[in-house]
Amino acid sequence: MALASAFIALIPLWTAAIRAGHDHWEPTWDAATTVARVRDVFSAHPPLYGLVASSSASADPYSYLGATQFYLLAVPVRLFGSAWGTPLGMAAIQSVALLAALWLVHRRIGSRGAILASAIVASLLLTLGSEFIIDPTPVQAVTLPFFTFLVAAWSVACDDGPAILILAAVGNYLVLTHPAMALVTPMTAAVASICW
């Protein structure tokens, strides 16, 4: 039941991705810049840092720390183009984050807790809307991974060894994808590690 509920929670993600590809999804604003940088991954000048922050347009421009998301989306965009590859790539990233979180919840509180967490996450995805959950802009791209990060921090604080790897991997993705995560992520990881 827990496994079935986890896969049911994935339905909104993949439905949104397939619908976006079918409707010839076109990136705009920061999503268009993200897709342009994703296409640069296989060029002679691959990206070494993230997007230039739109909030820095009036001040000295600054960029997000890392290009991790560009590299994760590069293969789907290369194989399927931006209209299909970007939504499918984002659905894959979000699915991995969701399944990791539900696996950790299952380890912590069992099958019933995982089923409840699946229902909560599925309702969150439906509430956010299909465009939000497949949008590659940094602000939207960190929503489910941040949930996974919090579950991993909880698991580490409860002495769950394998959760450290998930905490580190997802924390790295968060910090490199959006600068707002550069403060909260290390602090949360530090508190979880101290409690461990």
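The following exchange concerns a predicted model of a single chain.

Reader: What makes the secondary structure of the chain helical, and in what pattern does it run along the sequence?

Author: The chain has eight helices and zero strands. Read along the sequence, the pattern is α-α-α-α-α-α-α-α.

Reader: How do you know whether the radius of gyration of the chain agrees with that of a compact globule?

Author: A compact globule with 196 residues would have a radius of gyration near 16 Å, and the chain has 17 Å, so the two agree. Along the principal axes, the C-alpha atoms fill a box of roughly 45 × 40 × 30 Å. Buried residues account for 47% of the 196 residues. Of the contacts between residues at least 6 apart in sequence, 66% join residues at least 24 apart.

Reader: What makes up the exposed area of the chain, and how many charged side chains are there?

Author: The chain exposes about 9,900 Å², of which carbon and sulfur atoms supply 70%. There are 7 positive and 9 negative side chains, and the centres of the two sets are 11 Å apart.

Reader: How do you know what span to expect of helix 6?

Author: The expected span is 1.5 Å times one less than the number of residues in the helix. Helix 6, residues 143-157, has 15 residues, and the expected value is 21 Å. From its first C-alpha to its last, helix 6 reaches 21 Å, close to that expectation. Just after helix 6, aspartate 159 takes a positive phi of about 70 degrees.

Reader: Which residues of helix 6 are buried, and against what do they pack?

Author: The buried residues of helix 6 include Leu144, Pro145, Phe149 and Val156. The packing partners of the buried residues are helix 1 (2-22), helix 3 (68-128), helix 5 (138-141), helix 7 (163-177) and helix 8 (181-195).

Reader: Why is threonine 148 called buried or exposed?

Author: Buried means under 20% relative accessible area. Threonine 148 has a relative accessible area of 0%, and is therefore buried. This threonine 148 is found in helix 6. Leaving aside neighbours within four places in sequence, threonine 148 is in contact with Ala97, Leu98, Ala100, Ala101, Ile166 and Val170.

Reader: Why is phenylalanine 147 called partly exposed?

Author: The class of partly exposed lies between the cut-offs of 20% and 50%. Phenylalanine 147 has 25% relative accessibility, so it counts as partly exposed. Phenylalanine 147 is also in helix 6. Not counting residues up to four places away in sequence, phenylalanine 147 touches Ala101 and Val121. The C-alpha atoms of phenylalanine 147 and valine 121 are separated by 9.2 Å, although the two residues are 26 apart along the chain.

Reader: What makes threonine 185 buried or exposed, and which residues does threonine 185 touch?

Author: With a relative accessible area of 4%, threonine 185 falls under the 20% cut-off and is therefore buried. Threonine 185 lies in helix 8. Residues up to four places away in sequence aside, threonine 185 touches Phe149, Gly171, Leu174 and Val175. Phe149 is itself among the buried residues of helix 6.

Reader: Why is leucine 183 called buried or exposed?

Author: Exposed means over 50% relative accessible area. The value for leucine 183 is 59%, so leucine 183 is exposed. The place of leucine 183 is in helix 8. The C-alpha atoms of leucine 183 and glycine 81, 102 residues apart along the chain, are separated by 35 Å.

Conventions
Residues are numbered from 1 along each chain as its sequence is written. This is a predicted model: local features need pLDDT of at least 70, side-chain atom pairs count only at pLDDT 80 or more; totals for chains, interfaces and linings use all residues. Side-chain values use heavy atoms; hydrogens and water are left out. Helices (H or I, at least four residues) and strands (E, at least two) are DSSP runs, numbered from the N terminus. The radius of gyration is taken over C-alpha atoms; the globule rule is 2.2 Å times the number of residues to the power 0.38. Buried means under 20% relative accessible area, exposed over 50%, partly exposed in between (1.4 Å probe, protein chains only). Contact means heavy atoms within 4.5 Å. Accessible areas come from the Shrake-Rupley method with a 1.4 Å probe; for residues, only the protein chains shown count as cover. Lys and Arg count as positive and Asp and Glu as negative; His and the chain ends are not counted. The place of a charge is taken as NZ of Lys, CZ of Arg, CG of Asp or CD of Glu.
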